[in-house]
Every structure is written in structure tokens, then in C-alpha cells.
Amino acid sequence: MLALTRKTGERIVVGDNVVITIFDIKGDSVRLSIEAPKEVKVYRGELFDAIAAENKQAAVLNDLEGLAGIKRRDESGT
């Protein structure tokens with residue numbers, strides 16, 4: 001992890017094509033401007049965590065549905 005101190009208007013460059021600019025600082029809030037290619041997905045952390053949790057839950061449900069299908073086929077003898 002890299003921790004940086006930046007002032008308003010200063011930038012952080014990630015890789016070759018992502019630029020994060022400190023847009024504004026008010027109290028304990030920081031507004032950022034993020035320039036990234038369209039193929040780079042940018043999420044707020046809490047939204048990313050929610051999406052990851054839903055994907056994980058969906059994967060478990062798909063596994064359970066797949067197991068139920070195997071059980072039904074096994075019981076029917078096919």
C-alpha cells in the first residue's frame with residue numbers, strides 16, 4: 001500500500017493511463033477527479049464490496065442449483 005499526501009490540484013498517476021487529481025478538500029472529505037480509459041472500471045469501494053458479495057452469493061446459488069439438478073437426474077435414473 002502506498003500512502004501519499006497531496007494538495008488540491010495535485011495528481012497521482014496509476015500505470016500509464018489512469019490519472020487521479022485532487023479536486024477539492026473540505027474538512028475530512030476529498031473530491032477526486034479520475035481520468036481512466038473506458039475499459040477500466042472505477043467503483044466506489046463500498047459499491048465494489050457490495051457487487052463482490054452479490055457475485056459470491058450468486059455463485060453459491062448456481063452451485064446449489066447445479067447440485068440439485070444432478071440429484072434430480074440421479075433420482076430419475078437418467
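I will start with one contact: Asp24 forms a salt bridge with Lys26, and their closest N and O atoms are 3.9 Å apart. Keep in mind that this is a predicted model. The cut-off for a salt bridge is a side-chain nitrogen of Lys or Arg within 4 Å of a carboxyl oxygen of Asp or Glu, so the pair at 3.9 Å counts. In general, side chains of opposite charge can pair when their charged atoms come close. Lys26 has a relative accessibility of 59%. Exposed means over 50%, so Lys26 is called exposed.

How many salt bridges does a search of the whole structure find? It finds three. Another of them joins the side chains of Glu10 and Arg6, at 3.4 Å from N to O. Glu10 is partly exposed, with a relative accessible area of 27%, and Arg6 is also partly exposed, at 33%. There is also a salt bridge between Glu46 and Arg44, where the closest N and O atoms are 3.4 Å apart. Both Glu46 and Arg44 are exposed.

Now the chain as a whole. Its secondary structure comes to one helix and three strands. Along the sequence the pattern reads β-β-β-α, so to speak: strands, then the helix. The C-alpha atoms fill a box of roughly 70 × 30 × 20 Å along the principal axes. The radius of gyration is 22 Å, while a compact globule of 78 residues would have one near 12 Å. Of the 78 residues, 9% count as buried.

Next, the sheet. The three strands form an open sheet in the order S1-S2-S3, and the pairing is antiparallel. Which strands stand at the edges? They are S1, residues 11-14, and S3, residues 29-35. Each of these has a single partner strand, so one side of each is left without a neighbour in the sheet. From one strand to the next, the twist averages 25°.

Let me take the strand pairs in turn. S1 and S2 run antiparallel and are joined by four bridges. They form a hairpin with three residues between them, and in the turn Gly15 has a positive phi of about 65°. Ile12 is found in strand S1 and stands opposite Ile20 in S2. Is Ile12 buried or partly exposed? At 23% relative accessibility, Ile12 counts as partly exposed. The cut-off for buried is under 20%, which is why Ile12 does not count as buried.

The other pair is S2, residues 18-26, and S3, which also run antiparallel, with seven bridges joining them. I can give three of the opposite positions. Val19 has Glu35 in S3 as its bridge partner. Asp24 stands opposite Arg31 in S3. Lys26 has Ser29 in S3 as its bridge partner. So to return to the start, the salt bridge partner of Asp24 is Lys26, whereas the residue opposite Asp24 in S3 is Arg31. The hairpin of S2 and S3 has two residues between the strands, and Gly27 there takes a positive phi near 60°.

As a general point, in a regular strand the side chains alternate between the two faces of the sheet.

That leaves the surface. Which residues form the nonpolar patch there? They are Ile25, Val30, Leu32, Ile34, Val40 and Val42, with about 470 Å² of accessible area together. S3 gives the largest share of the patch, three residues. Ile25 lies in strand S2. At 39% relative accessibility, Ile25 counts as partly exposed. A patch residue needs over 30% relative accessible area, so Ile25 passes that cut-off.

One last distance concerns Ile34, which belongs to the patch, and Ile12, which is in strand S1. Ile12 and Ile34 are 22 residues apart in sequence, and their C-alpha atoms are 9.5 Å apart in space.

To sum up: there are three salt bridges, an open antiparallel sheet in the order S1-S2-S3, and a nonpolar patch on the surface with its largest share from S3.

Conventions. Residues are numbered from 1 along each chain as its sequence is written. This is a predicted model: local features need pLDDT of at least 70, side-chain atom pairs count only at pLDDT 80 or more; totals for chains, interfaces and linings use all residues. Side-chain values use heavy atoms; hydrogens and water are left out. Buried means under 20% relative accessible area, exposed over 50%, partly exposed in between (1.4 Å probe, protein chains only). Two strands pair if DSSP finds at least two bridges between them. Axes are lines fitted to C-alpha atoms, for helices over the stretch in contact, and angles run from 0 to 180 degrees between N-to-C directions. Patches are made of residues with over 30% relative accessible area and no salt bridge: like charges are joined within 9 Å, nonpolar side chains (Val, Leu, Ile, Met, Phe, Trp, Tyr) within 5 Å. Accessible areas come from the Shrake-Rupley method with a 1.4 Å probe; for residues, only the protein chains shown count as cover. The radius of gyration is taken over C-alpha atoms; the globule rule is 2.2 Å times the number of residues to the power 0.38.
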